[in-house]
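Here are some short questions and answers on how helices pack in this model. Each answer sets a value against a cut-off.

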Amino acid sequence: MNASGRPSPVRRLLVAEFRLQRPRLAAAAVTGGLVSMASVALLGLSGWFITAAALAGLAGSAVAQAFNYLLPSAFIRLLAIVRTAARYGERLTGHEAGLQGLAALRPRLFAALASSRPDRALALASGEASARMVQDVDNLLTLFIRRSAPWSAGAGVAAAAAMALLAGPPAAFVTLAAMGLSAFGAIVIARRWVEPVAAAVPSTMGALKTRLSALSAAAPELRAYGLDGWALAEGQAAGRDLDAANQKTATVAGWLMVWQSAITAAGLAVVLLSARDASQPLAALAALALVMGMESASGLVAALRQAGAAEATLDRLDALFDAGPDAPAWDLTSDTLSIDGLVSVSPSARLALTGPSGVGKTTLLEQIIGLRSATAGVTLGGVPVSDLAPKQRRALFAYAAQDIRLIDGSVRDNLRLADPDATDEALWAVLEDAALSVRFKSSPLGLNTPVKAGGQALSGGERRRLGLARAYLRPAPWLVLDEPTEGLDFATEAQVLWRLQQRLARTGQGLLLVSHRPSPAALCEQVVWIEGGDGNRRVRLAPGRHALQPSPLAMA
């Protein structure tokens, strides 16, 4: 529940998935009940049969020959078959419901996070975000597969009590009391000691992933400076924290097993004592029924304990989305951009942001397009950008960041992040505009050429131009480029800028540009100089620039 008393967004998604998976969950409950009943009956009947057969053998050959071995043997085989088939059915239906539920849940969670406000979407380190979207969501699987646990436990308890009743009412009462005491104590132990310790595991997993991600990104520098050993020690230290958290969880969970084992042992002694007036085979049946009944009850305890851990997981996921209401969508009369009241430009205009390093040029861009929480002074269509819903604001911009991020896939995979439905013709067109088509047309795999993790198969300049091509593919009124020619040689820069100018003239897009180099800024009619740094921004206009003229290098 959130502060208003209504179910949180993640819980509402989960409830919706429970409804969709109701037939499979119902089948898992039925088959789970059959497993428990068959298991209790199988062990109890086996104990009765072995004891009775042994006594018949000791009584002499006449009694042994008169003893009916066939009927109990047939029932034992039947129960074994029923248990095996029901176990398979429970696993199949329960896990299928869970996996299908999570398959639908994870992308919806990711989409909600990606479209949320910057203070939510970008608040986590990459490793922590990965831990929440992978491990935390995987932990919710137990809510599906353990949903049949109450039915299984109820069936097992009922079967155990019924079989113990054959040895007398006292034996049945002791069986029920032992199972109840075991369950009550286990729940108290789990809630008070196990769950608080287990709650530390996801956060330490996130810290480990974050640390390993940072070390992996800096691998070339670490090798160059001979810091491989230091990096290994850092990763091992984060891994030890996770191991320590897991060890604490296992230690506390061990006490839970000690409690259940102690109650089982004490229950067996009391059951045998209470069944002293019954025959030995029936006493054995009651004792083994108690053992399997405790097993069924422990399944419910495990489900409750895991459900408690899943509640903690839900709280972690809710923290990604429960940060206040989203901004409403505005009916913008125009897409005119204004910065500090000094410059006001509309789409099809070209504006360059320049200034010393560290004054916040990239930060200002990210505030405008919705990747950071916006400060005062920036408006779109007369509305402060901080008042616009992130989804509405981001739809206005196609962005190529200074730090190009590529996924471990093909050229096509990376380009289609901007437009999943883009045709190959459109992909080749934007690669042409980014002066990169020749590179991949010469490759045997073409658009299927792998770029590897982080674009390791490409040079720095090729990664930057692939990022440009991806931004070109996104239909938006504004094209936002952060240092688009950094790392390019003079000839390639001239070619990229000339084709960019032709593209802008063809599409009518506006341009927001950050660059320290004079050639890209020459594309823009207005240049804004930024000084003062974040929180103390000062802007001033610089004289306009003339558009680039065609050059032999650019036309080559």
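Q: What angle do α19 and α20 make where they pack, and how far apart are their axes?
A: In this predicted model, the angle is about 0 degrees, and the axes lie 13 Å apart.

Q: Why is α19 called roughly parallel to α20?
A: Angles under 35 degrees count as roughly parallel. The angle here is about 0 degrees, so α19 is roughly parallel to α20.

Q: Which residues make this contact?
A: α19 brings R465, L468, Y472 and L473, and α20 brings T492, V496, L500 and R503. By class, five are nonpolar, one is polar and two are charged.

Q: What makes α17 and α19 oblique to each other?
A: Helix α17 (residues 424-433) packs on helix α19 (residues 460-473) at about 125 degrees, with the axes 8 Å apart. Roughly perpendicular covers 65 to 115, and roughly antiparallel needs over 145. The angle of about 125 degrees fits neither, so the two helices are oblique.

Q: Which residues of α17 and α19 touch?
A: A426, L427, V430, L431 and D433 of α17 meet L466, A469, Y472 and L473 of α19. Eight residues of this contact are nonpolar, none is polar and one is charged.

Q: What makes α19 mostly covered?
A: Buried means under 20% relative accessible area. Twelve of the 14 residues of α19 are buried. Among them are L466, L468 and Y472. The cover includes β6 (397-400), α16 (411-415), α17, α18 (437-441), β7 (478-482) and α20 (490-507).

Definitions and conventions. Residues numbered from 1 in each chain as written. Predicted model: local features only at pLDDT ≥ 70, side-chain atom pairs only at ≥ 80, totals over all residues. Heavy atoms only, no water. Axes fitted to C-alpha atoms, helices over the stretch in contact; angles between N-to-C directions. Helix = DSSP H or I, 4+ residues; strand = E, 2+ residues; numbered from the N terminus. Contact = heavy atoms within 4.5 Å. Nonpolar A, V, L, I, M, F, W, Y, C, P; charged D, E, K, R; others polar. Buried < 20%, exposed > 50% of the residue type's maximum accessible area, 1.4 Å probe, protein only.
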